[in-house]
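Trainee: Can we go through this one together? I have some basic things to ask.

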Amino acid sequence: MTEISLSWLLAKVTSPVVGATKLHHIEGAVKAVDFILSEEEMKYLEERYVPHSLVGVMAQNTVSAAKEKHVWSTGNQKF
């Protein structure tokens with residue numbers, strides 16, 4: 001499953017962020033580099049995907065939200 005998901009992600013982005021906490025995570029990521037999904041396999045994996053709007057901090061990381069008040073701060077906290 002790791003190889004398939006990372007192979008799909010590698011086909012979509014230049015550099016996926018992978019959080020590896022165990023040796024088998026790293027081994028799966030290394031194998032995914034050489035695991036190439038066919039166009040048919042890519043379509044199969046994506047056919048049920050339904051895009052959704054960003055939420056939380058990621059939703060705030062847009063040009064239109066740049067001047068709005070956010071949950072995160074710029075470092076002027078009072079303790």
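**Salt bridges first**

Mentor: There are two salt bridges here, a salt bridge being a side-chain nitrogen of Lys or Arg within 4 Å of a carboxyl oxygen of Asp or Glu. This is a predicted model, where local features need pLDDT of at least 70 and side-chain atom pairs count only at pLDDT 80 or more, while totals for chains, interfaces and linings use all residues. Residues are numbered from 1 along each chain as its sequence is written, and side-chain values use heavy atoms, with hydrogens and water left out.

Trainee: Which side chain does E46 meet in a salt bridge?

Mentor: That of K12, at 2.8 Å from N to O. E46 is in helix α3 and K12 in helix α1, so the pair ties together parts 34 residues apart in sequence. Helices here are DSSP runs of H or I with at least four residues, numbered from the N terminus.

Trainee: Are E46 and K12 buried or exposed?

Mentor: Neither. E46 is partly exposed, with a relative accessible area of 28%, and K12 is partly exposed at 45%. Buried means under 20% relative accessible area, exposed over 50%, and partly exposed in between, with a 1.4 Å probe and protein chains only.

Trainee: And what about E39 and K43?

Mentor: Their side chains meet in a salt bridge at 3.6 Å, N to O. Both residues lie in helix α3, four residues apart, which is about one turn of the helix. E39 counts as exposed at 60% relative accessibility, and K43 is exposed at 53%.

Trainee: New topic. Where is A32?

Mentor: In helix α2, residues 23–34. A32 is buried, with a relative accessible area of 1%.

Trainee: What is A32 in contact with?

Mentor: Leaving aside neighbours within four places in sequence, A32 is in contact with E3, L6, S7 and L10. Contact means heavy atoms within 4.5 Å. The C-alpha atoms of A32 and L10 are separated by 8.3 Å, and the two residues are 22 apart along the chain.

Trainee: Last one: which residues line the largest pocket?

Mentor: M1, I4, S5, W8, L45, E46 and Y49. A pocket is an open set of points on a 1 Å grid over the protein atoms alone, where a 1.4 Å probe fits, with protein on both sides within 12 Å along at least five of seven lines; lining residues have an atom within 4 Å of a point.

Trainee: Which element gives the most to that lining?

Mentor: α1, with three residues.

Conventions:
Helices (H or I, at least four residues) and strands (E, at least two) are DSSP runs, numbered from the N terminus.
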